[in-house]
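Welcome to this guided tour. Please open the structure in your viewer, keep the selection tool handy, and follow along one stop at a time.

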Amino acid sequence: MMNQTDYLLEVKGLKKYFKVGGRKTLKAVDGVSFYIRKGETLGVVGESGCGKTTCGRTCLGIYDKTDGQVLYRGADVHCLSRTEKQKFTKQAQIIFQDPYASLDPKMKIQNIIAEGIRAHKMASGRDEIQERVSSLLETVGLDPGYGSRYVHEFSGGQRQRIGIARALAVEPEFIVCDEPISALDVSIQAQIVNLLDRLQEERGLTYLFIAHDLSMVKYISDRVMVMYLGKIMEITTSKALYHSPRHPYTRALLSAIPIPDPAMAKKKVRIPMEGEMPSPVNPPRGCRFQNRCPYAEEICMEAEPALEEIENEHYVACHRRIEI
Amino acid sequence: MSEDIKKDLTAEIRDLVVEFRTDYGVVQALNGLELEIERGKTLGLVGETGAGKTTTGLSLLRLIPNPPGVIVSGSIKLDGKDILSMSDKEMQAIRGKTVAMIFQDPMTSLDPVMTVEQQIAEVIKLHEEGGQAEALKRAREMLELVGIPGSRGGEYPHQFSGGMKQRVVIAMALACNPELLIADEPTTALDVTVQADILDMMKGIQQEHGMTVILITHDLGIVADCARHIIVMYAGKVVETGSAEDIFYRPAHPYTKALLSAVPRLDLEQGHLETIEGAPPNMANPPKGCPFADRCPRRLPVCGKEFPQNTRLSESHQVCCWLQRGSE
């Protein structure tokens with residue numbers, strides 16, 4: 001086990017609830033604890049509505065927390081002073097899912113990228129800013145001359161590169177990648193993922209990589225966290241997750257992924273899940289996955305399983321983790 | 001190529017050219033497309049955004065929005081009948097009855113102010129004898145077929161989840177027992193688990209009813225799982241066609257190869273993902289020759305000048321690439 005001081009980000013019992021009309025509360029993130037080491041990529045997977053995006057945003061302080069703690073280099077990101085907060089927003093950045101909606105159509109590319117540089121006073125004078133923007137565009141594989149163009153002139157993949165350049169502009173050390181490739185074509189996805197990989201190597205970046213595409217997450221992540229209805233079901237190294245998944249939900253999720261190989265596809269056995277994901281406004285009692293789980297027993301309906309370490313670095317929240 | 005054995009084809013497209021005449025110029029959506037599909041089989045149509053997959057599907061129903069879309073030349077036959085020379089009325093009798101289509105986004109293909117059973121009954125009333133009561137009864141049966149309790153027929157689309165809405169759309173498409181079902185990215189908007197449920201269900205229904213299916217997708221995993229025969233499209237052209245085994249185990253076109261190696265695999269350990277550098281060409285100004293030439297790692301001088309003829313590699317496998325023509 002590594003020393004705790006190696007953790008860049010440590011999340012303890014984080015909860016984020018939203019009020020949704022009447023007296024109802026949507027428990028988007030409901031008590032999650034995990035850590036990310038410096039230079040590592042933690043993948044977050046789960047179906048829509050599992051709370052993965054909310055989790056990422058709350059970690060950055062974009063959303064207030066309901067309860068728990070998010071510690072970045074030991075400091076609680078929700079209780080920072082003004083100057084500390086400013087420093088944190090420079091260290092931690094985000095790349096959004098939709099490259100069409102996340103860039104201002106009325107701004108030139110160079111101004112979109114330079115916004116952070118100006119805000120953090122990282123360069124003085126027009127020429128220096130210009131120089132930085134050009135080198136950033138080059139870094140993400142775009143022509144430096146594109147700076148004076150507008151967003152609508154670019155394709156989805158190019159826009160996502162602009163989004164990455166914007167995040168890199170303030171020289172962050174931690175980036176939340178919120179489904180950065182979901183809206184892109186297969187051949188472009190590989191380009192973006194390889195770019196993120198290269199940047200991580202060159203700049204020692206740490207990523208929280210949120211996605212619903214498990215194949216891509218497996219490829220890019222060191223460790224993977226599986227979420228369901230606001231809870232962590234399993235966290236382990238990406239190798240172990242795919243070779244020895246322990247949580248029934250992880251297994252069902254993995255078995256649903258189509259394999260691009262006709263012979264393997266025919267051999268594959270799917271583990272079915274009963275019904276649909278319940279609403280996070282009214283989650284089931286006990287284990288959240290209990291009503292769809294093929295292994296559910298009486299205890300699963302009553303008590304909520306804790307996330308426990310079963311092997312080094314392999315955490316599972318399941319009452320029957322040993323027998324199944 | 002002469003065919004000794006006459007295949008039983010549900011649909012056949014020959015040398016189809018479709019253009020979109022926009023204010024910014026003429027965009028070539030399909031550029032000499034060839035396609036045939038045998039009765040009862042599943043054909044997978046793969047390619048990236050803008051390859052012309054959806055336009056191909058819409059052509060089979062003659063639903064290309066006009067203006068700006070125009071079918072310039074070529075022929076489309078359904079059950080041996082040329083649909084391009086049919087009257088609008090004849091065409092209407094075919095849509096939803098002989099050929100049905102499922103669209104990508106279940107949220108926008110349903111009417112929000114109509115109950116789902118009414119929407120399904122609408123198709124049935126249009127094509128079949130019988131009154132309202134009979135059509136509604138049939139609609140509820142269709143819902144049961146796709147795994148929704150018939151009692152939920154009186155609910156509105158917003159009361160269903162994304163996966164359930166797509167099931168409703170499928171029920172509507174299947175309501176008149178079509179011979180050909182065109183499924184355009186039917187599961188792209190859905191989670192993997194829901195996707196697997198829907199695909200399993202579609203496979204089951206197809207086997208039971210002996211339907212022919214054209215499955216349009218960009219997900220190679222889905223075609224490997226569902227399709228017997230695959231067409232790979234790039235920039236409005238078919239670049240390779242073959243059985244699933246041909247395409248996945250013996251890909252011949254550099255684009256197909258690149259596409260296959262750009263996909264991360266759950267079952268394999270990969271050190272580095274291959275990428276296809278660059279982007280597909282702008283079809284308002286299509287390049288001369290092979291449209292993939294600019295991105296092709298094995299480009300020959302001739303590639304930029306002329307599009308290669310079809311090369312038949314085996315009974316089932318054909319490719320359009322100069323590399324293959326050179327080896328003949």
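Select chain A and colour it by burial: of its 324 residues, 46% are buried. Keep in mind as you look around that this is a predicted model.

**Chain A as a whole**

Switch to a cartoon view of chain A, where you can look for 11 helices and 12 strands. Turn chain A along its principal axes, and its C-alpha trace spans about 70 × 50 × 45 Å. Its radius of gyration is 21 Å, and the globule rule gives 20 Å for 324 residues, so chain A is as compact as a globular protein of that length. Now think about which parts of the chain meet each other. Taking contacts in chain A between residues at least 6 apart in sequence, 63% link residues that are at least 24 apart.

**A stop at helix H1 of chain A**

Next, select residues 52-59 of chain A, which form helix H1. How many of its 8 residues are buried? The count is 7, so to speak a helix that is mostly covered. To see them, pick A:Lys52, A:Thr53, A:Thr54, A:Cys55 and A:Gly56, then add A:Thr58 and A:Cys59. Move on just past the end of H1(A) to A:Gly61, where the backbone has a positive phi of about 80°.

**Where chain A touches chain B**

Now show both chains together. Here 33 residues of chain A are in contact with 34 residues of chain B. Which helices of chain A each supply at least two residues to the side that touches chain B? Select H6 (186-203), H7 (214-220), H9 (248-255) and H10 (262-267) of chain A to find them. H6(A) gives the largest share of that side, with 6 residues. Try colouring the side of chain A that touches chain B by residue class: you should find 19 nonpolar, 8 polar and 6 charged residues.

**Over to chain B**

Finally, hide chain A and select chain B. Its cartoon has 10 helices and 12 strands. The C-alpha atoms of chain B fill a box of roughly 65 × 50 × 45 Å along the principal axes. A compact globule of 328 residues would have a radius of gyration near 20 Å, and the 21 Å of chain B agrees with that. Colour chain B by burial as well, and buried residues come to 47% of its 328. As for contacts in chain B with a separation of 6 or more, 62% are between residues 24 or more positions apart.

Note on methods
Residues numbered from 1 in each chain as written. Chains lettered and ligands numbered in written order. Predicted model: local features only at pLDDT ≥ 70, side-chain atom pairs only at ≥ 80, totals over all residues. Contact = placed C-beta atoms within 7 Å. Helix = DSSP H or I, 4+ residues; strand = E, 2+ residues; numbered from the N terminus. Nonpolar A, V, L, I, M, F, W, Y, C, P; charged D, E, K, R; others polar. Buried ≥ 20, exposed ≤ 12 C-beta atoms within 10 Å, placed from the backbone. Rg over C-alpha atoms; globule rule 2.2 N^0.38 Å.
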